[in-house]
Amino acid sequence: MTTQRPNVQIRPARPEDRDAVMRLVSRLAGGVAEWRDPEAVVEAARQWLAGYFVPERKQPGAVFVAVTAAQARDGEVSGGEFSDGEVVGVVSVNTHRHFTGPMEAYVGELAVAPHAVRMGLGRRLLSAAEDWARGQGVRHLTLETAAGNTTARRFYTAMGYGEEAVRFTRVLD
């Protein structure tokens, strides 16, 4: 038996996506340094993303989601372990000023549901962030990931991202 890939739409997040997006945030704790609190990492991401879903805050930047759509085949709904309208990925992107002066875009969060990895959704979400960044007129899109998150590091390298800086931390007694 083969697992069918679902039809997936990448679109701007909507208010009704909030709970599903918040469930994906736990994926951001992977590879966090042993001296950092993974829950604090997740909570920081939740706080930023939650702000996006509060209309009166007018959070800058954009959040895109990957949403499944059931495939019709001879009147049957398929998609294996996917539900129609399921949010299976999220990316947030914003602009900030690089310390050398120019504005650039920055990916804050990129997460894909565990049952939807290796289906090209991370690539598609990152492409949506890149398109948004181009629309803002910036020349660079940056992101960070935990040094221990080797899967993400390989993914970003394969997507054409190069290491620009290395951050060192020492735990003080």
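# Helix H3, Arg-118 and the salt bridges

Q: What follows H3, and what is the sign of its phi?
A: Gly-137 follows H3, and its phi is positive, near 80 degrees. Helices here are DSSP runs of H or I with at least four residues; strands are runs of E with at least two; both are numbered from the N terminus.

Q: What kind of model is this, and how is it numbered?
A: A predicted one, with local features needing pLDDT of at least 70, side-chain atom pairs counting only at pLDDT 80 or more, and totals for chains, interfaces and linings using all residues. Residues count from 1 along each chain as its sequence is written, and side-chain values use heavy atoms, leaving out hydrogens and water.

Q: Back to H3. How many residues, and what reach?
A: H3 covers residues 121-135, so 15 residues, and reaches 21 Å from first C-alpha to last. That is close to the 21 Å expected at 1.5 Å a residue; the expected span is 1.5 Å times one less than the number of residues.

Q: Which H3 residues are buried?
A: Among them are Leu-121, Leu-125, Leu-126, Glu-130 and Trp-132. Buried means under 20% relative accessible area, exposed over 50%, partly exposed in between (1.4 Å probe, protein chains only).

Q: What do they pack against?
A: Strands S1, S2, S5, S6 and S7, plus helix H4. Contact means heavy atoms within 4.5 Å.

Q: Which non-glycine has a positive phi?
A: Arg-118, at about 65 degrees. Arg-118 sits in the loop between S6 and H3. Most residues other than glycine have a negative phi.

Q: Is Arg-118 buried or exposed?
A: Exposed, because its relative accessibility is 73%.

Q: New topic. How many salt bridges?
A: The count is 5, taking a Lys or Arg side-chain nitrogen within 4 Å of an Asp or Glu carboxyl oxygen.

Q: What does Arg-11 pair with?
A: Asp-17, at 2.7 Å, N to O. Arg-11 is buried at 8% relative accessibility, and Asp-17 is buried at 4%.

Q: And Glu-163?
A: Glu-163 bridges to Arg-153, N to O 2.7 Å. Glu-163 lies in the segment after H4 and Arg-153 in H4, so the pair ties together parts 10 residues apart in sequence. Glu-163 is exposed at 63%; Arg-153 is partly exposed at 34%.

Q: Whole chain: how many helices and strands?
A: 4 helices and 7 strands. The order along the sequence is β-α-α-β-β-β-β-β-α-β-α.

Q: How much of the chain is buried?
A: Of its 173 residues, 37% count as buried.
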